[in-house]
Amino acid sequence: MFLVNNVGIAEIIKIKDQELNSMKDIINVNCLPMAALTSYFINRCNKEGIKGGIVNISSYSWVHPMPFMTVYAATKAFNDTLSVSCCR
């Protein structure tokens, strides 16, 4: 069994001009589902003795400065950190 996480929304705008609700939407869509589904999947596999894997598809955008997609890039850094942390 596999879990494939591949979700993301963005707004092309400088952070100084971005509305708080837009930031919340991007964070809630790009981060929360990945964390929640990853936790659920790991717990279910452990409970039921199922072997499986998780594929987190994200973006390399967090590595390069993105002045018009700052919050989006930050959420992708979260996704990378989550993925690496789950492997340890």
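This report walks through a predicted model, looking at helix α1, Asn79 and Met69.

## Helix α1 and its two faces

Let's start with helix α1, which runs over residues 20–30. Its buried residues are Ser22, Met23, Ile26 and Asn30. These sit on the same side of α1, because they cover an arc of only 100° around the axis.

Flip to the face turned away from that buried side and you find Leu20 and Asn21, both exposed. As for what covers the buried residues of α1, the list includes α2 (32–48) and α3.

## Asn79 in helix α3

Next up is helix α3, spanning residues 70–86 and home to Asn79. Is Asn79 buried or exposed? Its relative accessible area is just 1%, so Asn79 counts as buried, the cut-off being under 20%.

Leaving aside residues up to four places away in sequence, Asn79 touches Asn30, Cys31, Met34 and Ser58. One of these, Asn30, is among the buried residues of α1.

## Met69 in the loop before α3

Met69 belongs to the loop between β2 (53–56) and α3. With a relative accessibility of 18%, Met69 is also classed as buried; again, the limit is under 20%.

Which residues does Met69 touch, if those up to four places away in sequence are not counted? They are Ala10, Glu11, Ile12 and Ile13. Then there's Lys14: 55 residues separate Met69 from Lys14 in sequence, yet their C-alpha atoms are 6.7 Å apart in space.

Technical notes. Residues are numbered from 1 along each chain as its sequence is written. This is a predicted model: local features need pLDDT of at least 70, side-chain atom pairs count only at pLDDT 80 or more; totals for chains, interfaces and linings use all residues. Side-chain values use heavy atoms; hydrogens and water are left out. Helices (H or I, at least four residues) and strands (E, at least two) are DSSP runs, numbered from the N terminus. Buried means under 20% relative accessible area, exposed over 50%, partly exposed in between (1.4 Å probe, protein chains only). Contact means heavy atoms within 4.5 Å. The arc is that of the directions from the helix axis to the C-beta atoms.
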